[in-house]
Amino acid sequence: MKIAYLDQNKWIELARAVKDPAAFPGTYALLKDVGEAVEAGRLALPLTATNLYETSKINDPQRRHDLAFTQIVLSKGRVFRGRYSRLEVEVSNVLREDSGLAPTMRDTRWFLSELFLEAYADIGDPRVGVEIPARVMEVFRQQPLQAFYQFLVLLPNETRTEAVQRFSAGAEDLRRRIETRRTRDAAEPISMRRKVYGALLIIDEIELILAIARRAGLSWASVADMPPKTVLRLARDVPTYFIERELSLRLEAQSRPIEENDMRDMQAFCAVLPYADLVVAENQFVSLARQANLGEKYGSRLSTDLHHLGDIV
């Protein structure tokens, strides 16, 4: 099964073809081939938290329905797992390898979930701060697509708006940190900025990293217990950290202000680039990823053309 990621504008193209085949004959022909490949299990089109955010924030109920329906049917409810779920595996892999521990056996598609909420965080993750009642989880598991549709389309407006605002706040916080660093380190060469960003990533998440280390069986109490080579490897060999660093460095190098949308796109690329066979997105982030050779590093084809989906179905 091939895995492809579509950014929101590409999903909008597909939704338009669903609604008006005569107006978009080429896209509709592609849509039929894609639908057949999805049903046959040859293709998966998982969504990310960024897709969910962008759909949820559409205020027009009919437009939100049209897009959500297309996304849910073609994704079959699959999502790329959220950041902390990925880091639990990616960081553990590096720590175990560097410490000579046996690797943990996992499903080859561990990075996908069929519970839409796990685009944000694993069910039961204490960081969420809310425990979902067992009866609700049972409904989610028995009727995942219906629950997904209700989440995207039928939530009360005040609940939907609050969820959108909270997700937006997280992206805005990251944007401000990058802008602050860009101003502070503007005179430094990119090689130094790369080292600084890598170090800050590890410092900012040291408690998470140490917790993952303890779950792997390593008795590290602080960063002083970590071998220096392991610290260096985390910034280089943990895909989520590496991609965030390389894309951020290239965003900082641009003359325009960094926008909140940039942060959501970057979060999506961190989630999908190491795991998708094809990434179809807008020109800016495809260009940034190409500059950083991320497609070659992770074996993912980068494209701005939706019709390249036809190459893998």
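This section describes a sheet, a helix, a pocket and three loop residues in a predicted model.

The sheet is open and has four strands. Their order is 2-1-5-6, and the pairing is parallel. Strand 2 (43-44) and strand 6 lie at the edges. Each has a single partner strand, so one side of each lacks a neighbour in the sheet. In general, strands of a sheet pair through backbone hydrogen bonds, either parallel or antiparallel.

Strand 1 spans residues 2-6. Parallel pairing joins strand 1 to strand 2 over two bridges. Lys2 stands opposite Leu43 of strand 2. Ile3 has Ala44 as its bridge partner in strand 2. Strand 1 also pairs with strand 5 (residues 278-280), again in the parallel sense, over three bridges. Here Tyr5 stands opposite Val279 of strand 5. Four of the five residues of strand 1 are buried, so this strand is largely enclosed by the rest of the structure.

Helix 14 (283-291) was examined for its buried residues. Phe285, Val286, Leu288 and Ala289 are buried in this helix. They cover an arc of only 160 degrees around the axis, which puts them on the same side of helix 14. An α-helix has 3.6 residues a turn, so residues three or four places apart point the same way. What do the buried residues of helix 14 pack against? Their contacts are with helix 12 (239-252), helix 13, helix 15 (294-298) and strand 6 (301-303). Strand 6 is also an edge strand of the sheet.

The second largest pocket encloses about 550 Å³ of space. Its lining comprises 23 residues. Gln8, Asn9, Ile12, Glu54 and Leu67 lie nearest the centre of this pocket. Two or more lining residues come from each of helix 1 (8-19), helix 3 (49-56), helix 4 (61-75), helix 13 (260-272) and helix 14. Helix 1 gives the largest share, six residues. By class, the lining holds nine nonpolar, five polar and nine charged residues. Helix 14 thus appears in two settings: it contributes to this lining, and its buried residues pack against helix 13 among other elements.

Two loop residues stand out by backbone angle. Most residues other than glycine have a negative phi. Asn293 is not a glycine, yet its phi is positive, at about 55 degrees. Asn293 follows helix 14 and lies in the loop between helix 14 and helix 15. Is Asn293 buried or partly exposed? Asn293 counts as partly exposed, because its relative accessibility is 44% and that class runs between 20% and 50%.

Lys76 also has a positive phi of about 55 degrees, although it is not a glycine. Lys76 sits in the loop between helix 4 and strand 3 (79-80). With a relative accessible area of 32%, Lys76 is partly exposed.

Pro103 is a further loop residue. Its loop runs between helix 5 (83-98) and strand 4 (112-113). The relative accessible area of Pro103 is 63%, so this residue is exposed; the class begins over 50%. Pro103 and Lys2 are 101 residues apart along the chain. Their C-alpha atoms are separated by 25 Å. Lys2 belongs to the sheet, where it stands opposite Leu43.

How values were computed
Residues numbered from 1 in each chain as written. Predicted model: local features only at pLDDT ≥ 70, side-chain atom pairs only at ≥ 80, totals over all residues. Heavy atoms only, no water. 1 Å grid on protein atoms, 1.4 Å probe; cavity = no way out; pocket = protein on both sides within 12 Å on 5 of 7 lines; lining within 4 Å. Points joined across faces, edges and corners; volume = space filled by probe spheres on them. Nonpolar A, V, L, I, M, F, W, Y, C, P; charged D, E, K, R; others polar. Buried < 20%, exposed > 50% of the residue type's maximum accessible area, 1.4 Å probe, protein only. Arc of directions from axis to C-beta. Contact = heavy atoms within 4.5 Å. Pairing = 2+ DSSP bridges.
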